[in-house]
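These are my notes from looking through one structure, entry by entry. I wanted to see how a few single residues and a few secondary-structure elements are placed.

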Amino acid sequence: MTQRKIALVLGATGGIGNAMAQKLMQRGWQVRALHRRAGEMAVSNSSGIEWRQGDAMQAQDVIAAAEGAALIVHAVNPPGYRNWAQLVLPMIDNSIAAARASGARIVLPGTVYNYDADAILTPNEASPQKPVTRKGAIRVQLESRLQAAAQSGVRTLVVRAGDFFGPHLANSWFSQGLVKAGQPVKRVVYPGKRGVGHQWAYLPDVAETMMQLIEREAELGAFETFHMNGHWDADGTEMVAAIGRASGQPDLRAWAFPWWLVALTSPFVPLFREMREMSYLWRQPLHMDNRRLLKLLGKEPHTRLDEAVRTTLAGIGCIKA
């Protein structure tokens, strides 16, 4: 019998972490996950994940959990967009240390925060990263550390996609802005400027893309970045219309997101302050170029928008499954 490959997933309770854990297990991988309450997770979660006690902020915990692993999925983020400066870089340093010790490849879900939408509308993997926000600057530093580590043998794969949506993602623009998780769909609150395009990424498609790239390890370099197209909504109306069709309300009305209220309260509400910083991505179109991904895979994993939206709404409790 051949021994199953081991993957450590950091952030397995989050959207992309959960999607990757499920996809890895479907492909026959043994999945470990680090959690500060591993005992509780092992009792409440019967998915087949091996839960390890520990904290992604503690290097020795990550190194111990990654022992024998061929893959580290770094899908952990500070909750509620907060404390990025204090948490993001130490966590990636710990994953780098664990990958160095185990020989694993790091897989990182990338963000569009790295780019200035005013300077470039269709960034590809070689486009200059000139962020206009604090979060973007931190993400550029994060990827720079991974790229530097690749010079000494730590392999990394970055897959960059648009705004996530999916059936197990409660913390997102889709489930906390456009609709409200756990509540029937009565209207859509849309954050974007009328006529401005927006890029979305369905989590199962992102996870499948990552898996197909992982399965081409022999063709990957030490540091690789790929962009996904996902679902490009050219003027902001396609996602709203898909929500209307999925909820049986073809004439569903879209309301404007109250950015004025966010601006007014951001000095007092940390979450609103962080949301306001990223609002530029709703005022300017940023459409990533996926031609490099297509050259390697032939085609990008892609679920039809109506099916993806219907599955998402059912998964977050807005419509019946």
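Entry 1, a loop residue. I looked up Asn290 in this predicted model and found Asn290 in the loop that lies between helix 11 (280–283) and helix 12 (291–297). I noted a relative accessibility of 13% for Asn290, and because buried means under 20%, Asn290 counts as buried. Leaving aside residues up to four places away in sequence, I listed His227, Met228, Asn229 and Glu300 as the residues that Asn290 touches.

Entry 2, strand 6. I asked myself how many of the residues of strand 6 (residues 156–160) are buried, and the count came to five of five, so that I put the strand down as mostly covered. Taking the two faces separately, I found Thr156, Val158 and Arg160 buried on one side, and Leu157 and Val159 buried on the other.

I then turned to the neighbours of the strand. Strand 5 (residues 105–110) runs parallel to strand 6 and is joined to strand 6 by five bridges, with Pro109 standing opposite Val159. Strand 10 (residues 223–227) also pairs with strand 6 in the parallel sense, over five bridges, and here I found Arg160 opposite His227. His227 had already come up in my first entry, where it is one of the residues touched by Asn290.

Entry 3, helix 5. I recorded that strand 5, helix 5 (residues 134–150) and strand 6 make a right-handed β-α-β unit. I checked the length of the helix as well: at 1.5 Å a residue, its 17 residues should span 24 Å, and the end C-alpha atoms are 25 Å apart, which agrees. Among the buried residues of helix 5 I noted Ile138, Leu142, Leu146 and Ala149, together with the charged-name entries Lys135, Arg139 and Glu143. The buried residues of this helix pack against helix 4 (84–102), strand 5, strand 6, strand 10 and helix 10 (270–277).

Entry 4, a residue in helix 13. Is Thr311 buried or partly exposed? I found Thr311 in helix 13 (residues 305–315), and at 32% relative accessibility Thr311 counts as partly exposed. Apart from residues up to four places away in sequence, Thr311 touches Pro167 and Tyr202. I also looked at its side chain, and a polar atom there lies 2.8 Å from the backbone oxygen of Glu307. Last, I compared Thr311 with Leu281: the two are 30 residues apart in sequence, and their C-alpha atoms are 25 Å apart in space.

Notes: Residues are numbered from 1 along each chain as its sequence is written. This is a predicted model: local features need pLDDT of at least 70, side-chain atom pairs count only at pLDDT 80 or more; totals for chains, interfaces and linings use all residues. Side-chain values use heavy atoms; hydrogens and water are left out. Buried means under 20% relative accessible area, exposed over 50%, partly exposed in between (1.4 Å probe, protein chains only). Contact means heavy atoms within 4.5 Å. Two strands pair if DSSP finds at least two bridges between them. A crossover is right-handed if, with the strands pointing away from the viewer, the path from the first strand over the helix to the second runs clockwise. The expected span of a helix is 1.5 Å times one less than its number of residues. A polar contact is a pair of N or O atoms within 3.5 Å; within protein, one must be able to donate a hydrogen and the other to accept it, and residues adjacent in sequence count only if both atoms are side-chain atoms.
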